[in-house]
Structures are given as structure tokens and as C-alpha cells.
Amino acid sequence: MLEAGTDGAGAVIQAELLRAAHSARLAGLPRAAGRAISVVTALRAARSADAAYRLTDLAAALREVLRLAHRLPDAGGRELPALRGSVRQPYTPKGSLRLYGLFSEPVLTATGHAGAVTWTADATGRLHTVSDVAPGGAGRATGAADRGVRIGDTTLTHRELSRAGLVVSGATVSPTGRLGAGAGVRAVRASGAAWHAEPLDRLWAVPVAEQVTRALTTDQDLLFLDVTLTGTVREAAGECLIADCAGLTLRLAAAHDDPALPHRDNLRLLASARGARLRVVARLTPAPFPRALLLAVSHPTDPGARVDLGLDRLRRADLPTSVTPAAGPVPDTDEAPVHLLRRRVHQAVSGGRRVLAFPGGRDADGPRLRRSGLVTAGELLDELHAAAADRSRDPFGRLLPADTGRFARAWLAAAVYAQELDRALCAAAWGADPGGCDAS
């Protein structure tokens, strides 16, 4: 796939990837099988000009499946079960739980699954989820808010649960916080809590840097922030909000770009509410500057209410009639030139190996990375270009087949390094503890 790029990855290459996924599943490697299917789904979206396709998603899926293939032969100990993955997560008995609804978000994955997940918190602030995800497309995701979810002998829609509460006895919980719905589970509906009331208020009381450290080092990547909207800025993927968060200039982007979901429309409306003070739930996205995906906000004119940005639609009447003017222009971010490496990684995915075999501007990119102190990045970029251009000849002067193994290893090294460098720079931008995200 890396040899051909998205334009050349037609039915034959996709069939080979699906065959590899099937072989991985038979070999007891469900995690690798799932990642391979994600690559095929993203490839099909790219070739069909799907509006929801993102090159970054395809590159991430390809990076993960290659990383698994690279690590599995030498893995052992506790690393091997994590690399293998599991078809079903184990559930542990947790006794009785008193849960308070936080928000709901639609799910629309690259593997062809859709639905919704509702997030709840217990009295100690620990997060739990109730999910309804099954094979489907955007239609299933948009209708998920009003679909009933059965927990024990109680049935609530996601919209209801996100604002209500539950008392659960005989609860079972997976390692990721997902609630089980076994025969022994009993649940009754209870009152919910406002975001500014206990026990939910304690989620926003955690210092921002501590939240970011947790998001970078665990599977819990949600941030609970108090922000003031100050403006907008345009990125490659579209417009995003600029907000002040505890003195940091934060970018809040749409969590999903599928036109069937209201994320982008809600973001445009919020952009006109400059000066509004909101309590938000966002998902951290590693970047050289503070950036997160916006999932839910307190209502702009009713702090006691909340808006799930992927399921609810804001109206012009929901916005405040007068707000404080924006503080001024968005400051420029002095970013390390990681984009030079990331751009070549993405070019290989879209155009294939041959795109990087041409000289282009590669002679200037390596020295620029080294001047910025990113020596390893410069070396990885040089090796990526060298592997792409490496074509030996036989004694008669004919070109031999390219060494696709060398190119794949060079691409994987560059992709993993760019990911880890983004994590380290993200921690620095938020003033957080990198927690092992060392890309030096």
C-alpha cells in the first residue's frame, strides 16, 4: 500500500489487506486485524471522495498496523497480550454505583461502526461509559441519541441518560470504564447533577496541566475546561475556535467533520459568541500548541443546561445577545518544524514511494530540522528519502524491484517519531509533565 499510495491501492491491494486481516484474526491477533480493516475502510473513503475522509486518519491506521507487525515477532512478557488485543474485554464486578450523566457523543468509526457513547461519573469522579455501537454508517450515529439503551431492567435513551443519573447494583465494569449489562445487573433511574454541582464539579477542579498529563499517559483523553471564547482561526481542516483557558491560548476544533453530524455547524454558531464563558468537555489532540476537539459545552445562555455538540443543534436564539469583544488577534505560535517530517509521511501515504523519490525540497528540509535541534527528525527524513529513491540495477543496467521492506521501515520510524514528538511538544505547550513522552 505504501508503494502504491491511495491512488494506486485498488481492489487487488485492498483484497490483500483484507486477507491479511483475516489471517491475523485466525492467528489470534484481533488488534492487528482491526487495524488492517481500518486501513481498508479509509482507503475506500479516499478513493470514493468521501467527505469524511481524512489523510491523517489513514496515516494513523497504517502506522498502527505496521507498528504491530514490526513489534509482534520480538514481543514477550506483558507486552505481547497488549499487542495481540482481545475480541471481548473482561468485566470486573464493582458492586453498587451511583452514576451521574455527563454528556453523549456520536460514534462513527473507520471500521464501519456507528452509534453513541454516553459518559457518566460516579461520586468519586471516576468516568464510566454506556455505549451502543454496531455496524452502520452516519444514519445510525445521527439517530443514536434517541435510541433506548437497556441497563439492567431500566431503559433510557442516550439523551436522557446524559442528563439523568443511575443507581446500579451488581455493576460490572471493563478496564476502559464501560458498564456491563449482564443478567445480574440491576439499575433504577435517579436524579442527575449540573456540571457546576457536586460531584461533577470536581472534574473541572483538577488543574489543566494534571488533566493533560493524564490524557497523554492513559486511555482517558477527556479534558474538563473553563474557557472564554476569544476568536477563530483557520486550519487546514477548517475553522476552529480560539479560547482562553487558564491563561493559555487554546484551539477548539470540531470533533468530527462528517456533514451528517452537527459538530461543524455548532462550531460556526459558537464562533459568533466571542467573549462567552463556557464550561466544556473536549478530547486532547497532541499538537505543538494547546489544541482539543470540542465534544460538549454548557449552554451559552443557560449555565445549568448543556449541549452535546455531536447530537444537539444550537440555534441562533441560543446565543447571548451581547458579549464582551474579543481580546485581540490570535498570537502566532512559534512551532518546531515537525510539519516538515509529517508532510513527507503523509505524502508517502497519498502518493506512494515514488513521490518521495523525486528531489523536490528534500535537500532543504533536513538541514532546517537540524537547525531547530531536531537532529533525529532530520536523519529519519534523510533515510525516508534515500529508501524511496534506492533502486539498484542488475549487471545489464536494468532496474531491480524497489526494496519495499526498507521503505516501510523508514516510513514507520518517521511516523512513530512524529507521533511521539507531537506528544512531547503537546505536554510542553500545556505546561504538563510529559510522563515518558520523550522523543529526543
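Which residues of α11 are buried? Here are some notes to help you find your way around, starting with that one.

1. The α11 answer: Leu340, Leu341, Arg344, Val345, His346, Ala348 and Val349 are the buried residues of this helix. Buried here means under 20% relative accessible area, with exposed being over 50% and partly exposed in between (1.4 Å probe, protein chains only). A general point helps when you look at such a list: an α-helix has 3.6 residues a turn, so residues three or four places apart point the same way.

2. Before going on, some ground rules. This is a predicted model, in which local features need pLDDT of at least 70 and side-chain atom pairs count only at pLDDT 80 or more, while totals for chains, interfaces and linings use all residues. Residues are numbered from 1 along each chain as its sequence is written, and side-chain values use heavy atoms, with hydrogens and water left out. Helices (H or I, at least four residues) and strands (E, at least two) are DSSP runs, numbered from the N terminus.

3. Back to α11, residues 339-351. Its 13 residues reach 17 Å from the first C-alpha to the last, close to the 18 Å expected at 1.5 Å a residue. The expected span is 1.5 Å times one less than the number of residues. Right after the helix comes Gly352, with a positive phi near 90 degrees.

4. Try the same check on α14, residues 375-389. With 15 residues at 1.5 Å each step, this helix should span 21 Å, and its end C-alpha atoms are 21 Å apart, so the two agree. Its buried residues are Ala377, Gly378, Leu380, Leu381, Leu384, His385, Ala387 and Ala388.

5. Helix α4 (residues 55-71) carries Leu58, which counts as buried because its relative accessibility is 0%. Beyond residues up to four places away in sequence, Leu58 touches Met1, Thr6, Val39, Ala42, Leu43, Tyr53 and Val349; contact means heavy atoms within 4.5 Å. Take Val39: it is 19 residues from Leu58 in sequence, yet their C-alpha atoms are 6.0 Å apart. Val349 is also one of the buried residues of α11.

6. Arg63 is in α4 too. It is an arginine that counts as buried, because its relative accessible area is 14%. Leaving aside neighbours within four places in sequence, Arg63 is in contact with Trp411, Leu412, Ala415, Val416 and Gln419.

7. Now find the open sheet: five strands in the order β3-β2-β1-β6-β7, with antiparallel pairing. β3 (127-135) and β7 (186-190) sit at the edges with a single partner strand each, so one side of each has no neighbour in the sheet. From one strand to the next, the twist averages 35 degrees. Strand β6 (residues 165-173) pairs with β7 over five bridges, and Val167 stands opposite Val188 in β7. Two strands count as paired if DSSP finds at least two bridges between them.

8. Helices α9 (residues 208-217) and α15 (residues 404-430) pack at about 170 degrees, with axes 9 Å apart. That makes them roughly antiparallel, a label for angles over 145 degrees. Val208, Ala209, Val212, Leu216 and Thr217 of α9 meet Arg423, Cys426, Ala427 and Trp430 of α15.

9. How many disulfides does the structure hold? Zero, where a disulfide is a pair of cysteine sulfur atoms within 2.5 Å. For Cys240, the nearest cysteine sulfur is that of Cys426, 14 Å away. Cys240 counts as buried at 1% relative accessibility, and Cys426 counts as buried at 0%.

Note on methods: Axes are lines fitted to C-alpha atoms, for helices over the stretch in contact, and angles run from 0 to 180 degrees between N-to-C directions. Angles under 35 degrees count as roughly parallel, over 145 as roughly antiparallel, 65 to 115 as roughly perpendicular and the rest as oblique.
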